[in-house]
Amino acid sequence: MIEKLLTPLVTPAFTLRNRVVMAPMSRRRSVKGIPASSAPLYYAQRAEAGLIIAENSAVTANGVGYLHAPGIYNDAQQAAWKAVVEAVHARNGKIFIQLVHTGRIGHPLNNEGGAGLVAPSAVGAAGTIRTAVGNHQHMPIPEALSTAGAQGLVAAHVAAAVNAIHLGFDGVEIHGAHGFLPEQFLHPHTNHRSDRYGGNIARRSRFLLEIMEGVTAAIGKERTGIRLSPFAGLNDLPPYAEELASHQYITDALRELDILYIHLSDQSSNGHPPIPLDHLQYVRKRFPNLLMLAGGFTAAAAATALEAGLADLIAFGRPFIANPDLVQRFHHKAPLAAADEATFYEGGNKGYIDYPVIYS
């Protein structure tokens, strides 16, 4: 039943050996934003995935968000990522990097140099976040970006994409999901602007689409993807009346840009609202290139989605943490190991590179 999940997929720039994707997962082991010395082994252990999407990495010092999340904006970070890429390629794997700016999500204590938070408008996020002084603190109200400041962050995403390709990454995924900066521009709760980046759907979508336009022009549409999480409501973004229309508008714009893939993150397995089937079908109908789905899939559920034509690729997150040989376990119908949730976001090499494999 799972045969299609394990079949190759030819893209304009490269061939993926199967349709199993390692989803981008923040493991938060990057002190000062520099991927750990064990990161090359961590990713290489999982290189049999058709595609690895490396964890979300900040494009600027004021967009890191979470304690010990990586960046890709300085020389030390880039050198560490280069070692990761080389380790994955040595095992004939393919790897993209997910580029992020977290906007109002985060704390200056987690940003290099104590850089303050910025966002479309001065609307703070509810909740607390773990910080570099060892405790949880409330996320402060961000500074509203000027028009020039917003354009500067568009340029920062493009520059990061160019750097990623120079480091050897096979492509990049723009993080337009989970309540981070691009979605903050899209959402009327966090976007009260009256300039070219605020107002109607087209203007609120402009920040995200300018990133996509710039990245595709700089590195090629065949190496560019995007992650979206419509209706998930993550990071204090409530439902809004134009949500469906906004995502339909974005889907049609991405079709015109002809990017490699759209990656839809369904968060219903984590207790959030699901992506409605009719929207999934809309994306499938309107966007002719690759569609990737993520959201608590088993191998059987992934195969069913592929056979039904709802997706071309399926991203797996948590199963890859405890099962470096996940693809082989799928192939042999072997049981999956359970991950230790206590080490998801901390623990050094424990719970990171020490999970055993059945098939090597």
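This tour proceeds from the whole chain to one strand, one helix residue and one residue early in the sequence.

**The whole chain**

Begin with the complete chain in view, bearing in mind that it is a predicted model. The chain holds 10 helices and 14 strands. Turned along its principal axes, the C-alpha trace spans about 55 × 45 × 40 Å. A compact globule with 360 residues would have a radius of gyration near 21 Å, and the 19 Å found for the chain agrees with this.

A surface display may be switched on next. The chain exposes about 13,600 Å², and carbon and sulfur atoms supply 55% of that area. Buried residues make up 58% of the 360 residues. Among contacts with a separation of 6 or more, 72% are between residues 24 or more positions apart.

**Strand 10**

Now select residues 171-175, which form strand 10. Is this strand buried or exposed? Buried means under 20% relative accessible area. Because 5 of its 5 residues are buried, strand 10 is largely enclosed by the rest of the structure. Display the side chains to see how they alternate: G171, E173 and H175 point one way, whereas V172 and I174 point the other way.

Add residues 95-100, which are strand 5, to the selection. Strand 5 and strand 10 run parallel and are joined by 4 bridges. Within this pairing, Q98 stands opposite E173 of strand 10.

Then add residues 224-228, which are strand 11. Strand 11 also pairs with strand 10 in the parallel sense, over 4 bridges. Here the residue opposite H175 is R227 of strand 11.

**R204 in helix 5**

Move to residues 201-219, which make up helix 5, and pick out R204 within them. With a relative accessible area of 3%, R204 is buried. Which residue does the side chain of R204 meet in a polar contact? The partner is the side chain of E242, at 3.1 Å. Showing the surroundings of R204 brings in further residues that it touches, including F185, L186, H187, P188, Y197 and Y240. Also among the residues touched by R204 are N191, G198, G199 and S246.

**P8, before strand 1**

Finally, select P8, which lies in the segment before strand 1, itself formed by residues 9-10. Leaving aside residues up to four places away in sequence, P8 touches T15, L16, R17, N18 and R19. To close the tour, draw a distance from P8 to L209: their C-alpha atoms are separated by 30 Å, and the two residues are 201 residues apart along the chain.

Definitions and conventions: Residues numbered from 1 in each chain as written. Predicted model: local features only at pLDDT ≥ 70, side-chain atom pairs only at ≥ 80, totals over all residues. Heavy atoms only, no water. Helix = DSSP H or I, 4+ residues; strand = E, 2+ residues; numbered from the N terminus. Contact = heavy atoms within 4.5 Å. Buried < 20%, exposed > 50% of the residue type's maximum accessible area, 1.4 Å probe, protein only. Pairing = 2+ DSSP bridges. Polar contact = N/O pair within 3.5 Å; in protein donor to acceptor, adjacent residues only side chain to side chain. Rg over C-alpha atoms; globule rule 2.2 N^0.38 Å. Areas by Shrake-Rupley, 256 points an atom, 1.4 Å probe, with all protein chains shown as cover.
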